[in-house]
Amino acid sequence: MGPPLPNQVALNTDGSVINAQASFGGLLRNADGDWIQGFYGNLGCGDILRAELAAIWQGLKLCWELEFRDVKCMSDSQLALSLILGDVSNFHQHAGVVKEIRKLISQDWNVTMAHTLREGNQCADYLAKFGNAHSEALCVIQEPMEDLQPLISADALGSVFVRL
């Protein structure tokens, strides 16, 4: 899938696990690739799927609270997207958060879920790893950190990454 449509908001999300500590991050951008808001958080102990799902859930909640009603949510976790869009057992260890995401998506808005390659998700990856280094459960940021600026610019320019 390509970039968001002119009136859509792009939500990129990612999870990270470093030394058994799970964290997540993400950002909202307009169709031109301009920064709207970002977020990160630390989950404590956890696995990568928990982190990926937490990123999607927190990002969608933020979009809803900011009253964006046409959102393209992109994750580099095919497994997380499959659980959200497919069947999941009530006994799955992450069934609770998957149900919360589905409940949120079912509200009166348009949410498109899409897979993105890791190379196209560098800003969210940066924020997820940033969350690992901090203790906040959730932190919403209004302005991007200086280290994030080159990644945002590369994404806005549509930089292409070749996979070998």
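Asn19 is exposed, with a relative accessible area of 74%, where exposed denotes over 50% relative accessible area, buried under 20% and partly exposed the range in between, for a 1.4 Å probe and protein chains only. The model is a predicted one, in which local features need pLDDT of at least 70 and side-chain atom pairs count only at pLDDT 80 or more, while totals for chains, interfaces and linings use all residues. Residues are numbered from 1 along each chain as its sequence is written, and side-chain values use heavy atoms, with hydrogens and water left out.

Asn19 is placed in the loop between β1 (9-18) and β2 (21-29); strands here are DSSP runs of E with at least two residues, and helices are runs of H or I with at least four, both numbered from the N terminus. Most residues other than glycine have a negative phi. Asn19, although not a glycine, has a positive phi of about 50°, and Ala20, likewise found in the loop between β1 and β2, has a positive phi of about 65° without being a glycine. At 48% relative accessibility, Ala20 counts as partly exposed. The two strands form a hairpin with two residues between them, and they pair in the antiparallel sense over nine bridges, pairing being assigned if DSSP finds at least two bridges between two strands. Within this pairing, Asn12 stands opposite Leu27 in β2.

The hairpin belongs to an open sheet of six strands, which has the order β5-β4-β1-β2-β3-β6 and mixed pairing. The edge strands, each of which pairs on one side only, are β5 (110-115) and β6 (139-141). Neighbouring strands of the sheet are turned by 20° against each other on average, with direction ignored; axes are lines fitted to C-alpha atoms, for helices over the stretch in contact, and angles run from 0 to 180 degrees between N-to-C directions. Strand β1 is largely enclosed by the rest of the structure, because eight of its 10 residues are buried. Besides its pairing with β2, β1 runs parallel to strand β4 (residues 70-75), to which five bridges join it, and the bridge partner of Ala10 in β4 is Lys72. Strands β4 and β5 also run parallel and are joined by six bridges, with Thr112 in β5 as the bridge partner of Lys72.

Helix α2 (residues 78-85) packs on the sheet, where it touches β4 and β5, and its direction makes about 140° with that of β5; contact means heavy atoms within 4.5 Å. Helix α4 (residues 122-132) lies across β1, β2, β3 (35-45) and β6, and runs at about 140° to β2. The axes of α2 and helix α1 (residues 48-65) come within 9 Å and cross at roughly 60°. This crossing of α1 and α2 is right-handed, the near helix being turned clockwise from the far one by less than a right angle, whereas an anticlockwise turn would be left-handed. The residues that meet are Leu49, Glu52, Leu53 and Ile56 in α1 and Leu79, Ala80, Leu83 and Ile84 in α2. By class, the contact of α1 with α2 has seven nonpolar, no polar and one charged residues, with Ala, Val, Leu, Ile, Met, Phe, Trp, Tyr, Cys and Pro counted as nonpolar, Asp, Glu, Lys and Arg as charged, and the others, Gly among them, as polar.

With a disulfide defined as a pair of cysteine sulfur atoms within 2.5 Å, the count comes to zero disulfides. For Cys123, the nearest cysteine sulfur is that of Cys73, 15 Å away, and Cys123 is buried, with a relative accessible area of 1%. For Cys139, the nearest cysteine sulfur is that of Cys63, 17 Å away, and Cys139 counts as buried at 18% relative accessibility.

Ile141 is found in strand β6 and, at 13% relative accessibility, counts as buried. When its neighbours within four places in sequence are left aside, Ile141 is in contact with Trp35, Gln37, Gly38, Phe39, Tyr40 and Leu127. The C-alpha atoms of Ile141 and Glu100, which are 41 residues apart along the chain, are separated by 23 Å. Asp32, by comparison, lies in the loop between β2 and β3 and is exposed, with a relative accessible area of 59%; between Asp32 and Ile56, which are 24 residues apart in sequence, the C-alpha to C-alpha separation in space is 21 Å.
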